[in-house]
Amino acid sequence: MSSDARLTLITRPGCHLCEDAKAALGRVVAVTGDRWIEKDVTTDVELEREYGDRLPVVLLDGKEHGYWRVEEERLLRDLTTPQL
């Protein structure tokens with residue numbers, strides 16, 4: 001996945017909510033054409049400190065958009081609404 005991705009999913013191996021979030025992001029980007037990348041907290045001490053057990057976390061343009069569950073409708077709206 002490309003580094004020009006607007007979406008980042010912060011995850012941990014073995015996290016069932018993370019698997020749900022991956023599926024949700026897949027549905028969202030199928031509509032918008034955006035890309036997403038995944039970052040594993042177990043490979044990054046700073047991410048582990050920042051997000052800990054509050055996973056998965058969705059970042060949109062580098063800012064936290066939500067955690068635990070992907071709010072698909074809200075994310076679709078935020079991805080498709082022009083920024084002022």
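This passage describes the nonpolar cores, the one cavity and some backbone features of a predicted model.

A good place to start is the interior. The largest nonpolar core holds 13 residues, and those with the most contacts inside it are Leu 7, Leu 9, Leu 25, Trp 36, Val 70, Leu 75 and Leu 79. At least two residues of this core come from each of strand E1 (7-11), helix H1 (16-32), E3 and H3. Helix H1 gives the largest share, with five residues. Leu 79 offers a helpful view of the surroundings: beyond its neighbours within four places in sequence, Leu 79 is in contact with Arg 6, Leu 7, Val 28, Thr 32, Asp 34 and Leu 60. There is also a second, separate core of 10 residues, and Leu 17, Leu 47, Val 57 and Leu 59 are among them.

Turning to the strands, E3 (residues 57-60) pairs with E4 in the antiparallel sense, and four bridges connect the two. Within this pairing, Val 58 has Gly 66 in E4 as its bridge partner. The two strands form a hairpin with two residues between them. Asp 61 sits in the loop between E3 and E4 and, although not a glycine, has a positive phi of about 55°. Asp 61 has a relative accessible area of 44% and is therefore partly exposed, the class between buried (under 20%) and exposed (over 50%).

A similar look at the loop between E4 and H3 brings up Trp 68. Trp 68 is not a glycine either, yet its phi is positive, at about 70°. With a relative accessibility of 44%, Trp 68 counts as partly exposed. On the other side of the hairpin, in sequence terms, is the loop between helix H2 (45-51) and E3, where Pro 56 is found. The peptide bond joining Leu 55 and Pro 56 is cis, with omega of about -5°.

The hairpin residues return in the description of enclosed space. The model has one cavity of 30 Å³ or more, and the space in the largest cavity is about 40 Å³. Its lining is made up of Val 58, His 65, Gly 66, Arg 69, Val 70, Glu 71, Arg 74 and Leu 75. Both members of the Val 58 and Gly 66 bridge pair thus appear in this lining, as do Val 70 and Leu 75, which were listed above for the largest nonpolar core. Strand E4 (63-67) and helix H3 (72-80) each contribute at least two lining residues. Sorted by class, the lining consists of three nonpolar, two polar and three charged residues.

Terms used:
Residues numbered from 1 in each chain as written. Predicted model: local features only at pLDDT ≥ 70, side-chain atom pairs only at ≥ 80, totals over all residues. Heavy atoms only, no water. 1 Å grid on protein atoms, 1.4 Å probe; cavity = no way out; pocket = protein on both sides within 12 Å on 5 of 7 lines; lining within 4 Å. Points joined across faces, edges and corners; volume = space filled by probe spheres on them. Nonpolar A, V, L, I, M, F, W, Y, C, P; charged D, E, K, R; others polar. Pairing = 2+ DSSP bridges. Core = buried A, V, L, I, M, F, W, Y, C linked by side-chain atoms within 4.5 Å. Buried < 20%, exposed > 50% of the residue type's maximum accessible area, 1.4 Å probe, protein only. Contact = heavy atoms within 4.5 Å.
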